[in-house]
Amino acid sequence: MYYTFVPVLLLRTLVAASAMSLVVACAAEPLAQTELVRNASASTSQRSDSPVVDAQTESTQPSFSQWREQFRVEALAAGISAETFDRAFAGVRPDPAVIEADRSQPEFTRPVWQYLEGAISPQRVRSGQRLLDEHAASLDEIEARYAVDREALVAVWGLESSFGQIMGDKSVIRSLATLAHEGRRPAFAKSQLIAALEILQHGDITVQQMRGSWAGAMGQTQFIPTTYNTHAVDFDGDGRRDIWNSSVDALASAAHYLQASGWKQGQPWGFEVQLPTGFDYALADNEIRKPLADWRRLGLRGLPSGRDEASASLLLPAGHRGPAFLILDNFRAILRYNNSSAYALAIGLLSESFQGRGRVAGSWPRGEQPLSRSERLELQERLLAQGFDAGTPDGIIGANTRRAIRGFQQRLGWPADGHPTQELLGQLRAQP
């Protein structure tokens with residue numbers, strides 16, 4: 001699941017809820033950073049328009065062996081035994097591939113409809129349906145304990161690791177040590193490394209078996225170490241919380257995390273709606289929540305009967321030219337797992353696809369070419385030049401940038417959906 005999570009238990013819980021989304025190793029190839037739904041309140045995580053960078057400068061950076069010795073002192077002071085540390089770090093050297101992955105910033109991103117097509121492929125749907133039947137008894141028990149719907153759990157399982165088939169093959173200790181030594185966010189990586197050592201010291205897994213993504217995400221549910229420590233569970237009763245080899249432990253751990261994130265059993269994640277002519281697209285903002293009754297009064301069609309008091313936000317994943325969705329509390333719980341609107345939409349639609357639903361009726365703007373990273377940077381710079389505060393230019397389309405886009409769209413008299421397009425960038429280039 002991620003790059004996620006505390007004074008001790010509370011801090012870990014808070015960090016876990018916000019940072020997990022950066023290091024998720026999603027088997028469905030998640031979208032690049034432009035697709036992330038940013039949460040301005042998560043100031044200690046990656047969810048701001050300007051990423052936190054706390055890397056040491058090359059002039060002050062110690063060698064890996066020097067760093068390891070200093071970190072050993074810190075780890076022992078944090079309660080890690082010398083035996084655990086020395087066993088975990090035996091033969092560990094920096095991994096150049098991890099640094100390359102950490103520093104790479106893809107120039108191009110996939111449009112949301114292409115991502116969804118891969119995430120909700122017929123093969124994935126069939127596999128999920130088969131596994132729902134195969135694990136029905138365990139899922140009955142997990143639902144009874146955690147009150148999280150089984151279809152959502154299996155959807156998470158499918159997207160995170162292709163149902164346990166793609167979990168990453170890198171040493172978690174080596175990856176996190178590399179990132180703590182010379183990554184972009186060494187303090188965060190160091191906190192994850194301490195948590196990983198705690199897992200080893202607890203005896204849930206051996207250092208040889210502790211494998212994961214380049215960023216330290218682990219197991220069939222791709223937990224990062226701090227999230228593992230706060231939410232992984234031993235559901236099969238063998239004495240170990242084994243999210244690598246026990247699908248039951250992995251599914252129950254995901255259920256525990258979603259429960260803590262506010263999941264409401266038996267309730268929808270959201271639903272597709274149709275918007276009236278002349279609709280104010282500026283209302284399509286994740287920070288704007290209205291009761292369903294209010295959305296109904298605004299002319300939205302396709303809302304289910306009842307539940308008029310439920311709080312919903314309007315999501316336009318491809319702008320006003322694409323489908324529209326009202327999203328509820330369960331969608332927000334999925335965002336706690338991975339803070340990407342495309343990911344949360346994929347989980348919702350995939351979970352429905354297991355039951356023969358999950359189809360999008362609206363048309364996607366397939367002729368639209370997404371902005372490249374350099375074009376997103378240019379967009380932000382030009383918005384700033386026009387007096388719209390898009391935050392520090394970083395190529396990430398977060399809440400600040402979307403507000404700036406809406407302001408410029410309103411100046412042009414366009415639908416203010418906050419969606420970045422080639423046409424919008426062209427208009428900015430034409431400004432004096």
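User: In this predicted model, which residue of β6 is the bridge partner of L315?

Analyst: The model is a predicted one, and in it strand β5 covers residues 311-315 and is joined to β6 by three bridges, the two strands running antiparallel. L315 belongs to that pairing, and its bridge partner in β6 is F325.

User: Which residue of β6 does L314 stand opposite?

Analyst: Strand β6 takes in residues 324-327, with A324 and L326 pointing one way and F325 and I327 the other. Across from this strand, the residue that L314 stands opposite is L326.

User: Are the residues of β6 buried or exposed?

Analyst: In a regular strand the side chains alternate between the two faces of the sheet. Strand β6 shows A324 and L326 pointing one way, while F325 and I327 point the other way. Whichever way they point, these four residues are all buried.

User: What is the order of the strands in the open sheet that holds β6?

Analyst: Strand β3, residues 270-273, pairs with β6 in the antiparallel sense over four bridges, and within that pairing V273 has A324 as its bridge partner. Strand β5 is joined to β6 as well, through three bridges. The open sheet is formed by four strands with antiparallel pairing, in the order β3-β6-β5-β4. Its edge strands, each of which pairs on one side only, are β3 and β4 (290-291), as fits the order β3-β6-β5-β4.

User: At about what angle to β5 does helix α14 run?

Analyst: Helix α14 is made up of residues 329-337 and lies across both β5 and β6. Taken relative to β5, the helix runs at about 65°.

User: Which residue has its backbone oxygen 2.9 Å from a polar atom of the side chain of Q380?

Analyst: Q380 has its place in helix α16, residues 373-385, and it counts as buried because its relative accessibility is 0%. Leaving aside neighbours within four places in sequence, Q380 is in contact with A390, P393, D394, G395, I396 and T401. The backbone oxygen lying 2.9 Å from a polar atom of the Q380 side chain is that of I396.

User: Why does A90 count as exposed?

Analyst: A90 lies in the loop between α3 (82-89) and α4 (96-103). A residue is called exposed when its relative accessible area is over 50%, so A90 counts as exposed because its relative accessibility is 58%.

User: How many Å apart in space are A90 and V207, C-alpha to C-alpha?

Analyst: A90, a residue of the loop between α3 and α4, is separated from V207 by 117 residues in sequence. In space, C-alpha to C-alpha, the two are apart by 9.9 Å.

Definitions and conventions: Residues numbered from 1 in each chain as written. Predicted model: local features only at pLDDT ≥ 70, side-chain atom pairs only at ≥ 80, totals over all residues. Heavy atoms only, no water. Buried < 20%, exposed > 50% of the residue type's maximum accessible area, 1.4 Å probe, protein only. Pairing = 2+ DSSP bridges. Contact = heavy atoms within 4.5 Å. Axes fitted to C-alpha atoms, helices over the stretch in contact; angles between N-to-C directions. Polar contact = N/O pair within 3.5 Å; in protein donor to acceptor, adjacent residues only side chain to side chain.
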